[in-house]
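Q: I've got a new structure open and I'm not sure how to read it. Could you walk me through some of its features?

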Amino acid sequence: MIALIDYGVGNLFSLISSFAAIGQEVTVTGDPEAVRRADKIILPGVGAFRDAIGLLRESGLDRAVTDAAKGGTPLLGICLGMQLLFDKSLEYGEYEGLHLIPGVVRPIRDVISPGLKIPHIGWNPLIMKQESPIFKYVKDGDCVYFVHSYYAADCGEYVTAAAEYGAELTASVQKELVFGCQFHPEKSGEIGLRMLRAFCEF
Amino acid sequence: MITKRIIPCLDVRNGRVVKGVNFEGLNDVASPVELAAYYSANGADELVFYDITASAEGRALFTDILTETAKRVFIPLTVGGGINDVSDFDRVLKCGADKVSVNSGAIRNPKLIGEAAKRYGDQCVVISADVKRVDGVFRVFAKGGRENTGMEGISWIKYCVEEGAGEVVLNSIDTDGVKQGFDLEMLEKVCEVVNVPVIASGGAGKIDDFITLFRTLPKVDAGLAASIFHFGEVKIPDLKQAMRDAGIPARIER
């Protein structure tokens, strides 16, 4: 069973449609016990880090996700869901994350050239840094869709792909079986669907 | 390097895609669900769905069609038309829209953009402005281009962005439907005053119009058009290849 975590942050419509399109059954759930039993976990998220981590903690999903991931259940964090995997975020203050991948979520404006628009929004080609199972059907230079104002920093050795936007921004990460992508695979056309398929298959 | 986006716009009324010339003389093109799925799989970078229905029945039908469409579209989907309050944002976002574009609704209630941006985030709120020259001044028009609001266009757009609009669609009524190229003069004025993505709309007739747009105004992020795509006068894969050949970053799926 693949658990798609619903914790009240963002809209799951597109992700649900994407899994339907690739013929993959997923269980949408906010129940920590279901997450603990899952074969794979998808942690989505849109909005503010503080709200998202707060909701995860309130519901006990934070422990369920970290326990499962540490027990070897493959986990994919998407967009804000990826940012939650790190040690902390500096979005509107300083908030602790799930500590599954070492790194800090920082504002894009600190690294990109002045004058570039924020958020980083649009289609940007992936610059591959390391092999990763989720890139089984994806090549260097394939474009994916980004919408974000914060990025994962200080996680160099875990970066599997980057995107150029006045600086190289972290596009995806992997540490053991914990995966994260800053972009939205569910909004990245056929390339994004291939990535979701690869995560489900491996 | 971020790519320049190409965005087909689907005007939907009574469950069908229509496209007018200068907003009049509408005629049927195709089923919105089929057309949207086709674009999603054939190189479009984003879709805009515009509800031009007036009645409550039409609105309900639109919402059903939007849901069906969103299930088959795996690129960003923006919805506009009939967005008058925050509950309208909620209604279309639940049907699978990623962004919501406001036009007349923001003119009637200038606080709407701020309220929606706080609730759903700036990236979700698009200000769509229909602007036309009247006695040499850019004026904002409401109600699908029929009513001159008397407001000055550039300062209106600047205000909307300050309120929290994360993107601007600038539709020049002067060039819309004329197919002689985008309104570069108007677009340049908007690019000077905002630092969010600007989407050019109105006037595209051929591939070269997009090349000229992106070459002349590097700050423009996207080009939007309707009939030239729906009628196959410009094929998006050909357009993308021409952009790449001209040194303009474009997304081509392989």
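A: Let's go through chain A, then some helix pairs in chain B, then the contact of the two chains. Keep in mind that this is a predicted model.

Q: Let's start with chain A. How many helices and strands does its secondary structure come to?
A: Chain A has six helices and 14 strands.

Q: What radius of gyration would a compact globule of 202 residues have, and what does chain A have?
A: The idea is to set the chain beside a simple expectation. For 202 residues, a compact globule would come out near 17 Å, and chain A, at 15 Å, agrees with that. Along its principal axes, the C-alpha trace spans about 45 × 35 × 30 Å.

Q: What share of chain A is buried, and how much of its contacts comes from residues 24 or more positions apart?
A: Buried residues are 51% of the 202 in chain A. Taking contacts with a separation of 6 or more, 69% of them join residues at least 24 positions apart.

Q: Can we zoom in on one helix? Which residues of α4(A) are buried?
A: A general point helps here: an α-helix has 3.6 residues a turn, so residues three or four places apart point the same way. In helix α4 of chain A, residues 61-70, the buried ones are Leu61(A), Asp62(A), Ala64(A), Val65(A), Ala68(A) and Ala69(A).

Q: What do those buried residues pack against?
A: They pack against helices α2 (32-37) and α3 (49-59) of chain A, along with strands β1 (2-5), β3 (40-43), β4 (75-78) and β14 (178-181). After α4(A) comes Gly72(A), with a positive phi near 100°.

Q: And Gly93(A), is that buried or exposed?
A: You count the C-beta atoms around it: 12 or fewer within 10 Å means exposed. Gly93(A) has 8 others within 10 Å, so Gly93(A) is exposed. You'll find Gly93(A) in the loop between β5 (88-89) and β6 (95-96) of chain A. Gly93(A) and Arg50(A) are 43 residues apart in sequence, with their C-alpha atoms 8.6 Å apart in space.

Q: On to chain B. How do α1(B) and α2(B) pack?
A: For a helix pair, look at the distance and the angle between the axes. Helix α1 (residues 32-41) and helix α2 (residues 56-70) of chain B have axes 9 Å apart, at an angle of about 30°. That angle makes α1(B) roughly parallel to α2(B). Pro32(B), Val33(B) and Ala36(B) of α1(B) meet Ile65(B), Glu68(B) and Thr69(B) of α2(B). By class, this contact of α1(B) with α2(B) has four nonpolar residues, one polar and one charged.

Q: What about α3(B) and α5(B), at what angle do they cross?
A: The axes of α3 (residues 86-94) and α5 (residues 112-120) of chain B cross at roughly 45° and come within 9 Å. These two helices are therefore oblique to each other, and their crossing is right-handed. On the α3(B) side, Val86(B), Phe89(B) and Leu93(B) take part, meeting Glu115(B), Ala116(B), Arg119(B) and Tyr120(B) of α5(B). The contact of α3(B) with α5(B) has five nonpolar, no polar and two charged residues.

Q: Last one: how many residues of chain B are in contact with chain A?
A: For a pair of chains, you can count residues on each side. Here 23 residues of chain B are in contact with 27 residues of chain A. The chain B side divides into nine nonpolar, six polar and eight charged residues.

Definitions and conventions:
Residues numbered from 1 in each chain as written. Chains lettered and ligands numbered in written order. Predicted model: local features only at pLDDT ≥ 70, side-chain atom pairs only at ≥ 80, totals over all residues. Axes fitted to C-alpha atoms, helices over the stretch in contact; angles between N-to-C directions. Helix = DSSP H or I, 4+ residues; strand = E, 2+ residues; numbered from the N terminus. Parallel < 35°, antiparallel > 145°, perpendicular 65-115°, else oblique. Left-handed = near helix turned anticlockwise from the far one by under 90°. Contact = placed C-beta atoms within 7 Å. Nonpolar A, V, L, I, M, F, W, Y, C, P; charged D, E, K, R; others polar. Rg over C-alpha atoms; globule rule 2.2 N^0.38 Å. Buried ≥ 20, exposed ≤ 12 C-beta atoms within 10 Å, placed from the backbone.
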